[in-house]
Amino acid sequence: MTTDNAIHDSRQTLGFQAEVKQLLHLMIHSLYSNREIFLRELVSNASDACDRLRFAAIAEPSLLPAGEELAIEVSYDKDARTITVSDNGIGMTREELIEHLGTIAKSGTREFFAQLTGDQRTDSQLIGQFGVGFYSSFIVADRVTVVSRRAGAPAEAATSWESDGGGEFTVEPAARSERGTDVVLHLKDGNDELLSGWKLKSILTHYSDHIATPIRMHKEEWDKDSNQLRRTQELETVNRASALWTRPKSEISDEQYKEFYKHVSHDFGDPLAWTHNRVEGRNEYAQLLYIPKRAPFDLWDRKRTHGLKLYVRRVFIMDDAEQLLPSYLRFTRGIVDSSDLPLNVSREILQESRDVKAIREGCAKRVLSLLEELAQNRAEDYAGFWSEFGAVLKEGIGEDPANAERIGRLLRFASTAADGGKLTSLAEYVGRMKAGQSAIYYVTAESIEAARSSPHLEIFRKKGVEVLLLTDRVDEWMLSFLTEFEGKPLNSVAKGDLALDALDDEQDQEDKRKAQDEYQDLVARIKEALGDRVADVRITLRLTESPACVVVDKDAMSAHLQRMLKASGHDAAPSKPILELNPHHPLVQRLQADPADLGEWAHLLLEQAILAEGGQLDDPASFVKRVNALLLAGGVKGAG
Ligand code: ADP
Ligand code: MG
């Protein structure tokens with residue numbers, strides 16, 4: 001930041017960040033039907049500013065002289081056609097005004113805006129997930145003036161910011177007698193109904209009653225002489241002005257819970273569910289936790305901060321206190337208000353505090369209970385939750401061993417037994433297991449289509465055994481922790497030794513023995529031809545349509561995981577596959593009858609088996625050469 005006085009003393013016109021311009025344009029055109037939200041956003045910011053000042057004053061008491069009350073004032077001027085929202089909170093410096101009201105400070109913003117389609121309906125949905133904030137002023141105003149003075153700065157060091165919501169804004173020096181911020185909206189035509197005390201008050205009670213800082217308005221009285229409402233000097237508080245979470249649950253309406261959510265989460269839409277509790281005993285705290293309906297656009301952004309708002313005895317301490325929740329529940333929003341922590345608690349202290357550890361465990365339990373309740377009683381909502389956040393929750397299997405069993409029951413998977421995109425729980429799978437089936441089977445792949453067409457599923461289809469189809473990146477990692485469910489092991493269909501034998505009838509067993517004998521020689525020669533490309537070659541009856549497939553040893557890393565590691569730049573020592581041959585396939589039978597070109601065929605069988613399960617060949621060019629040579633040699637003709 002520059003400290004050059006010449007610049008500080010002057011009027012400066014600056015351009016908005018490109019994304020702000022896009023946001024302004026979109027908002028003005030798509031949110032008009034919902035225009036009252038501008039007031040909620042401005043009051044939410046004013047209340048945050050008061051919270052921040054209260055917090056800053058813990059370390060620097062002179063910022064908030066004792067006895068001074070923090071408040072928000074909303075007023076209007078019918079003649080000037082303005083609405084003003086003022087606060088005596090922390091205020092902004094010139095640099096902060098430029099930074100906060102000229103850019104969007106969220107990482108991933110550019111990527112988010114790149115997704116916008118230009119279609120207003122779709123885009124306004126997207127914007128909702130992004131949050132609207134200060135810029136929503138321009139839904140109703142064609143000019144917005146902000147005058148702000150930072151706490152601790154002298155009166156003449158205030159700054160005025162102004163914009164018409166086009167591409168630019170100006171900042172210039174101003175004076176303000178007290179610390180804090182005024183946001184003045186010069187209304188567009190057609191918004192005059194907002195110039196009414198009654199109207200503003202009703203918007204405030206609807207959207208902002210939960211705000212803990214008092215919101216004041218001038219009282220109005222009927223003036224008999226002029227037959228008009230007359231503004232008095234007396235101020236009245238129009239909200240309840242107490243922290244929402246301190247009120248008894250029975251006195252809080254769903255509507256109020258929802259509006260509070262929008263304030264703490266900066267989300268535009270309603271939450272999916274919430275849980276509100278007072279915890280007493282060794283650790284005392286209140287928690288109000290929400291599960292959003294939709295994932296924020298930057299859920300997977302590593303730089304993004306997550307976590308809850310932390311209060312200590314109703315004083316706001318920090319946003320995004322990550323220590324209050326395990327990372328696999330990072331989609332949760334809300335607040336924790338502790339009675340035990342010191343007011344001067346820092347992020348470092350949070351990391352080590354045993355009180356915080358107890359709060360984290362308590363919050364995790366509550367969120368899991370809430371999810372269990374959703375899964376039980378609101379299946380459709382739970383499905384919605386799962387599609388947004390399921391992949392995050394899965395991390396909990398490895399991250400939180402103490403709750404892994406509960407999380408296991410909350411998991412949902414695509415399955416060969418459920419169609420139409422329906423998902424199944426592990427408990428439902430176990431309920432459908434066949435007599436004699438001792439394990440839960442799954443296949444991992446890059447996509448549902450690849451999973452469904454995996455050659456490994458052939459025997460399962462034939463025997464009518466259900467297989468879970470796993471396609472999330474996190475699945476392989478999760479499975480290294482989730483080895484069993486209710487005493488049933490989870491087995492990959494791509495691993496050797498399927499333990500399907502219990503489901504084989506005597507005829508199957510007999511067939512297998514016969515095939516193994518019959519093909520002993522061929523198997524040995526193919527193995528020799530493939531040399532160190534394979535760990536073993538054997539006969540299998542698990543295939544019905546494909547000539548061959550590759551499997552890995554029970555304890556080896558799956559091929560899918562090896563591919564993922566390789567893709568992310570890890571040098572995993574590849575474990576060699578086992579090639580399994582289908583003795584009923586004409587290709588294999590032909591080789592048994594006529595071993596011409598056996599070496600080439602062996603490599604071809606291995607390579608097509610790798611391709612069929614979504615793998616990549618180290619040397620695709622020689623594969624192509626081989627196929628062409630065999631085609632020319634008339635290999636296919638003889639394979640009938
Ligand atoms: P958000 O509230 O989600 O951060 P907004 O667009 O509502 O986004 O506000 C942007 C930023 O501008 C805020 O984070 C805050 O730093 C600053 N700001 C807005 N209004 C005020 C205010 N009344 N007092 C102090 N800072 C404010
Ligand atoms: Mg805001």
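Where in the chain is His266 found? His266 sits in the loop that runs between α8 (254–265) and β10 (271–279), and its side chain comes up again in the surroundings of ligand 1, where an N or O atom of that side chain is 2.4 Å from an oxygen atom of the ligand. Please keep in mind that this is a predicted model. The points below start at the ligand, move to the loop beside it, and then turn to the nonpolar cores and a few individual residues.

**Around ligand 1**

- The shell around ligand 1 is made up of Asn45, Ala49, Arg52, Asp87, Met92, His100, Leu101, Gly133, Phe134, Thr181 and His266.
- Sorted by class, that shell has 4 nonpolar, 5 polar and 2 charged residues.
- Helix α3 (residues 37–59) is the element that gives the most to the shell, with 3 residues.
- Asp87 offers an N or O atom of its side chain at 2.9 Å from a nitrogen atom of ligand 1.
- Phe134 takes part through its backbone, where a polar atom is 2.9 Å from an oxygen atom of ligand 1.
- On its own, ligand 1 has 540 Å² of accessible area, and the protein covers 82% of that.

**The loop with His266 and Asp267**

- His266 has a phi near 60°, which is a positive value in a residue other than glycine.
- With a relative accessible area of 41%, His266 is partly exposed.
- Asp267 is found in the loop between α8 and β10 as well, but Asp267 counts as buried, at 13% relative accessibility.
- The side chain of Asp267 has a polar contact with the side chain of Tyr261, at 2.6 Å.
- That side chain of Asp267 also reaches the backbone nitrogen of Gly269, at 3.1 Å.
- Asp267 and Gln129 are 138 residues apart in sequence, while their C-alpha atoms are 6.1 Å apart in space.

**Nonpolar cores**

- In soluble globular proteins, nonpolar side chains tend to be buried together.
- The largest nonpolar core here has 70 residues, and the members that touch the most others are Leu310, Leu371, Tyr382, Phe385, Leu393, Leu411 and Ile440.
- Helix α10 (residues 354–377) gives the most to this core, with 10 residues.
- Beyond its neighbours within four places in sequence, Leu310 is in contact with ten residues named here in full: Val315, Phe316, Ile317, Met318, Ala321, Leu324, Val336, Leu341, Val345 and Leu350.
- Another core, of 54 residues, lies apart from the largest one, and its members include Phe134, Val140, Leu194 and Phe268.
- Phe134 thus appears twice in this briefing, as a member of the 54-residue core and as part of the shell around ligand 1.

**Two residues of helix α3**

- Glu41 lies in helix α3, and Glu41 is buried, with a relative accessible area of 11%.
- Not counting residues up to four places away in sequence, Glu41 touches Val132, Gly133 and Ser136, and Gly133 is one of the residues around ligand 1.
- Ile58 is found in helix α3 too, and Ile58 counts as partly exposed, at 28% relative accessibility.
- Leaving out residues up to four places away in sequence, Ile58 touches Val315, Ile317 and Leu343; among these, Val315 and Ile317 are also contacts of Leu310.
- From Ile58 to Lys219 the separation is 161 residues in sequence and 34 Å in space, C-alpha to C-alpha.

**Strand β5**

- Ser160 lies in strand β5 (residues 158–163).
- Ser160 is buried because its relative accessible area is 12%, which is under the 20% limit for that class.
- Apart from residues up to four places away in sequence, Ser160 touches Thr145, Val146, Val147, Thr170, Val171, Glu172 and Ala174.

**Helix α23 and the loop before α22**

- Phe623 has its place in helix α23 (residues 620–632) and is buried, with a relative accessible area of 16%.
- Not counting residues up to four places away in sequence, Phe623 touches Leu604, Glu607, Gln608, Leu611 and Leu617.
- The C-alpha atoms of Phe623 and Met27 are separated by 55 Å, with these positions 596 residues apart along the chain.
- Asp597 is found in the loop between α21 (586–593) and α22 (598–612).
- Phi of Asp597 is near 55°, again a positive value in a residue other than glycine.
- Asp597 is partly exposed, with a relative accessible area of 43%.

Conventions: Residues numbered from 1 in each chain as written. Chains lettered and ligands numbered in written order. Predicted model: local features only at pLDDT ≥ 70, side-chain atom pairs only at ≥ 80, totals over all residues. Heavy atoms only, no water. Near = heavy atom within 4 Å. Polar contact = N/O pair within 3.5 Å; in protein donor to acceptor, adjacent residues only side chain to side chain. Areas by Shrake-Rupley, 256 points an atom, 1.4 Å probe, with all protein chains shown as cover. Helix = DSSP H or I, 4+ residues; strand = E, 2+ residues; numbered from the N terminus. Nonpolar A, V, L, I, M, F, W, Y, C, P; charged D, E, K, R; others polar. Core = buried A, V, L, I, M, F, W, Y, C linked by side-chain atoms within 4.5 Å. Buried < 20%, exposed > 50% of the residue type's maximum accessible area, 1.4 Å probe, protein only. Contact = heavy atoms within 4.5 Å.
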